[in-house]
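Subject: Structure for you to look at

Dear colleague,

I am passing on the structure we spoke about, together with some notes on what was found in it. Please have the sequence and the model open side by side as you read.

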Amino acid sequence: MKAKVILMSAFTISVMTGSAFAGAGTGTSALDDPQKMSPFFTDAGMKTMRSGDEFKKAWMALTEEDRASMKKDCADKTIAKSHDEFCKATRDLAGNN
């Protein structure tokens, strides 16, 4: 009986730990961070994106690390799908920044 309890406890812990590790690997996209994304939009609801020069100014104000992270997220088809307009604008800037 004790062995059964120990085995079930070990199994439960391994399942819980596996789920935690699986979630840690996905994280969240930089494109979902309102603090990083708000400079690219004209409204608080982040529905209307800034135009050309304003967008470029906001892009250049980011750290190189943040720009790289956002480019990486835009390269992911699943993430880019929900941020299509933003990712298109960053691709348009490619070579100009």
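How many helices and how many strands are there in the protein? Before the answer, please keep in mind that this is a predicted model, and that every value below was computed from it. The protein has 6 helices and 0 strands, and, read from the N terminus, its elements follow one another as α-α-α-α-α-α.

As for the chain as a whole, 24% of the 97 residues of the protein count as buried. Its accessible surface amounts to about 7,100 Å², and carbon and sulfur atoms make up 60% of that area. If one takes the contacts in the protein with a separation of 6 or more, 49% of them are between residues that stand 24 or more positions apart.

The pocket

The largest pocket has a volume of about 200 Å³, and 14 residues line it, with Met37, Phe41, Met46, Ser82 and His83 lying nearest its centre. Sorted by class, this lining consists of 7 nonpolar, 2 polar and 5 charged residues. Which helix gives the most to the lining of the largest pocket? That is H6, with 3 residues, while helix H2 (34-37) and helix H6 (84-93) are the helices that each supply at least two residues of the lining.

Two of the residues nearest the pocket centre, Met46 and His83, deserve a closer look. Met46 is found in the loop that runs between H2 and helix H3 (52-61), and its phi is positive, at about 50 degrees, although Met46 is not a glycine. As background, most residues other than glycine have a negative phi. Met46 is classed as partly exposed, because its relative accessible area is 26%.

His83, for its part, sits in the loop between helix H5 (77-81) and H6. Is His83 buried or exposed? With a relative accessible area of 15%, His83 falls under the 20% limit and therefore counts as buried. Leaving aside residues up to four places away in sequence, His83 touches Leu31 and Asp32. The C-alpha atoms of His83 and Asp73, which are 10 residues apart along the chain, are separated by 9.4 Å.

The salt bridges

The structure holds 5 salt bridges, and I describe some of them here. In helix H4 (residues 64-75), Arg67 and Glu64 lie 3 residues apart, which is about one turn of the helix, and their side chains meet in a salt bridge with an N to O distance of 2.7 Å. Arg67 is buried, since its relative accessible area of 10% is under 20%.

Another pair belongs to helix H6, where Lys88 and Asp92 are 4 residues apart, again about one turn of the helix. The side chains of Lys88 and Asp92 form a salt bridge at 3.2 Å, N to O, and Lys88 is partly exposed, with a relative accessible area of 45%.

Elsewhere, salt bridges that share partners join Asp33, Lys36 and Asp66 into one network. Within that network, Lys36 forms a salt bridge with Asp33, whose closest N and O atoms are 4.0 Å apart. Lys36 is partly exposed, at a relative accessible area of 26%, and Asp33 is likewise partly exposed, at 25%.

When you go through the model, it may help to begin with His83, which lies among the residues nearest the pocket centre and is found in the loop between H5 and H6, and then to turn to Arg67 and Glu64 in H4.

With best wishes

Conventions: Residues are numbered from 1 along each chain as its sequence is written. This is a predicted model: local features need pLDDT of at least 70, side-chain atom pairs count only at pLDDT 80 or more; totals for chains, interfaces and linings use all residues. Side-chain values use heavy atoms; hydrogens and water are left out. On a 1 Å grid over the protein atoms alone, a cavity is a set of points where a 1.4 Å probe fits but cannot get out, and a pocket is an open set with protein on both sides within 12 Å along at least five of seven lines; lining residues have an atom within 4 Å of a point. Grid points are joined across faces, edges and corners, and a volume is the space filled by probe spheres set on the points. Ala, Val, Leu, Ile, Met, Phe, Trp, Tyr, Cys and Pro count as nonpolar, Asp, Glu, Lys and Arg as charged, and the others, Gly among them, as polar. Buried means under 20% relative accessible area, exposed over 50%, partly exposed in between (1.4 Å probe, protein chains only). Contact means heavy atoms within 4.5 Å. Accessible areas come from the Shrake-Rupley method with a 1.4 Å probe; for residues, only the protein chains shown count as cover.
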